[in-house]
Amino acid sequence: MAKLYFYYSSMNAGKSTSLLQSSYNYQERGMSTLILTPGVDNRYGHEKVTSRIGLEAPGLPFCGTDDLLDIVSCHTEKHELHCVMVDEAQFLTRQQVFQLGEVSDCLNIPVLAYGLRTDFQGEPFEGSKYLLAWADDMTEIKAICFCGRKATMVVRVDEHGETVRQGMQVHIGGNDSYVSLCRKHFKLRFYASVNHSSSVSEDTSTVEICTT
Ligand SMILES: [Zn+2]
């Protein structure tokens, strides 16, 4: 029985490298894969998946309104398919995560989804939230904070290296860069200008952080 797998991490942990290696492993055994690349809303994703260490492979772009069960079903009518892989899976909608479950359960094709767990404000992405809820199997791909601890969070920085605290979850057209940090150093960066006297509030705009 096929499964829905979720590989999650912060930035620069090697998610795309891991996806491309898995795809290569299938192909090396004579099996075929389909790599899906999501866009945001009605924008399409990229036509290829690239990794920082130079690997790349063609991807099939889709947008937030596309039905992934339909896309995979149509693909299997023309091509034999042994595995579906999803890059940037944090951008999936709730419905699309459900559809990936259908690919696994109804088409009996394993699905490997790779994505960020949280955004630059420490909030869960929709796709990741439902993958964490519904995947059969979850694996963390580890990135390292500058302090040596596991980096589970990510901050957005502007062109001056300043931490960005407000804005869209996906800054389309923006020239953002991101830094992966452990939770402690995420809090020190993200809440740096907040005084330390108050406890955690509902909107987390004021939190108490330890500075030791
Ligand atoms: Zn740290």
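This tour visits two sheets and the helices that lie across them in a predicted model.

**The parallel sheet**

Begin by selecting β5, β2, β6, β7, β1 and β8, displayed in that order: these 6 strands form an open sheet with parallel pairing. At its edges are β5 (60-62) and β8 (137-140), each of which pairs on one side only. Viewed from one strand to the next, the twist averages 20 degrees.

Next, restrict the selection to β1 (residues 4-9) and β7 (residues 111-116), two strands that run parallel and are joined by 6 bridges. Within this pair, select Y8; its bridge partner in β7 is G115.

**Helices across the parallel sheet**

Add helix α1 (residues 15-28), which lies across β1, β2 (33-38), β6 (83-86) and β7. Relative to β7, α1 runs at about 165 degrees. Then add helix α4 (residues 126-134), found across β1, β7 and β8. The direction of α4 makes an angle of about 130 degrees with β7.

**The antiparallel sheet**

Now turn to β12, β11 and β13, 3 strands that form an open sheet in that order, with antiparallel pairing. The edge positions belong to β12 (163-164) and β13 (177-181); each has a single partner strand, so one side of each has no neighbour in the sheet.

Select β11 (residues 153-157) together with β12 to inspect their antiparallel pairing over 2 bridges. Here V157 stands opposite T163 of β12.

Finish with helix α5 (residues 183-190), which lies across β11, β12 and β13 and runs at about 30 degrees to β11.

Definitions and conventions:
Residues are numbered from 1 along each chain as its sequence is written. This is a predicted model: local features need pLDDT of at least 70, side-chain atom pairs count only at pLDDT 80 or more; totals for chains, interfaces and linings use all residues. Two strands pair if DSSP finds at least two bridges between them. Helices (H or I, at least four residues) and strands (E, at least two) are DSSP runs, numbered from the N terminus. Axes are lines fitted to C-alpha atoms, for helices over the stretch in contact, and angles run from 0 to 180 degrees between N-to-C directions. Two residues are in contact if their C-beta atoms, placed from the backbone, lie within 7 Å.
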